[in-house]
Structures are given as C-alpha cells and as structure tokens.
Amino acid sequence: MSAWRQYFSWNKYTQIASRALRQSLNETERVAAEKRAQVGVKYQIWENGTSGESQYVVPPKKQSGVPPV
C-alpha cells in the first residue's frame with residue numbers, strides 16, 4: 001500500500017504533484033501550464049431522454065488570442 005494513501009485522497013495527491021511540477025518549470029512554461037490548469041464545469045438538463053443546451057456553472061473569462069477549450 002502506498003504511504004500517501006494514509007494521509008490524503010487521490011485527488012489531493014494529484015493536486016500536490018501537479019503543483020510541484022508546475023513550480024519546477026521555467027517562467028514561460030509555468031505560465032502556459034497554469035493557463036491549461038483552469039477547469040470549466042458544464043451541466044445539461046435532460047428531459048424525456050434528450051439533452052438540453054450545456055451551460056457553464058461559472059462562465060470562463062474571455063481571453064484574447066487564446067482559443068476556448
């Protein structure tokens with residue numbers, strides 16, 4: 001059994017590991033990695049077996065020159 005499992009969940013483990021990796025990068029690569037780390041959550045309402053329009057829980061901020069994900 002892994003030692004980290006005694007102290008925190010898989011999600012917390014991956015959060016710690018990704019933060020350590022981003023901090024080890026040089027400035028330009030770190031900025032690009034932090035932009036990719038932003039996560040957007042969408043939801044859809046289903047009625048009678050068909051999906052409705054998907055909507056963001058918190059709409060992402062508009063950024064110029066960066067294509068939406």
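**Exercise 1: a helix pair**

Arginine 30 has a relative accessible area of 24%, which makes it partly exposed; find its salt-bridge partner and place both residues in the fold.

*Solution.* Some ground rules before we start. This is a predicted model, where local features need pLDDT of at least 70 and side-chain atom pairs count only at pLDDT 80 or more, while totals for chains, interfaces and linings use all residues. Numbering runs from 1 along each chain as its sequence is written, and side-chain values use heavy atoms, with hydrogens and water left out.

Step 1: start with the exposure class, where buried means under 20% relative accessible area, exposed over 50%, and partly exposed in between (1.4 Å probe, protein chains only). At 24%, arginine 30 falls in the partly exposed class.

Step 2: look for a salt bridge (a side-chain nitrogen of Lys or Arg within 4 Å of a carboxyl oxygen of Asp or Glu). Glutamate 27 is the partner of arginine 30, with the closest N and O atoms 2.4 Å apart. The count by this rule is one salt bridge.

Step 3: place the pair. Both residues sit in helix 2 (residues 27-36), three residues apart, or about one turn of the helix. Helices here are DSSP runs of H or I with at least four residues, strands are E runs of at least two, and numbering goes from the N terminus.

Step 4: check the partner. Glutamate 27 is partly exposed too, because its relative accessible area is 47%.

Step 5: look at a neighbour. Leucine 25, in the loop between helix 1 and helix 2, touches Arg30 and Ala33, leaving aside residues up to four places away in sequence (contact: heavy atoms within 4.5 Å). At 28% relative accessibility, leucine 25 is partly exposed.

**Exercise 2: two rings**

Classify the one aromatic pair that a search of the whole structure finds.

*Solution.* Step 1: the rings belong to tryptophan 10 and tyrosine 13, with centres 5.5 Å apart and planes at 35°, so the pair is tilted. The rule: rings of Phe, Tyr and Trp (its six-membered ring) pair if their centres lie within 6.5 Å, with planes under 30 degrees apart stacked, over 60 edge-to-face and the rest tilted.

Step 2: both residues lie in helix 1 (residues 10-24), three residues apart, about one turn of the helix. Tyrosine 13 is partly exposed at 31%.

**Exercise 3: strands and surface**

Lay out the fold, then say where asparagine 48 and valine 57 go.

*Solution.* Step 1: the protein has two helices and four strands, in the order α-α-β-β-β-β along the sequence.

Step 2: asparagine 48 belongs to the loop between strand 2 (46-47) and strand 3 (50-51). Its phi is positive, about 55°, although asparagine 48 is not a glycine. With 82% relative accessibility, asparagine 48 is exposed.

Step 3: valine 57 is in the segment after strand 4 (55-56), and is exposed at 54%. Val57 also helps make a nonpolar surface patch of about 610 Å², together with Val39, Val41, Tyr43, Ile45 and Val58.

Step 4: zoom out. Buried residues are just 3% of the 69 residues.

**Exercise 4: confidence**

Find which element has the lowest mean pLDDT and which the highest.

*Solution.* pLDDT is the predictor's confidence in each residue, from 0 to 100. Strand 4 has the lowest mean (83) and strand 2 the highest (89). The protein as a whole averages 81, with 88% of the residues scoring at least 70. Where pLDDT is low, don't read the predicted coordinates in detail.

Conventions. Patch = residues over 30% accessible without salt bridge, like charges linked within 9 Å, V, L, I, M, F, W, Y side chains within 5 Å. Areas by Shrake-Rupley, 256 points an atom, 1.4 Å probe, with all protein chains shown as cover.
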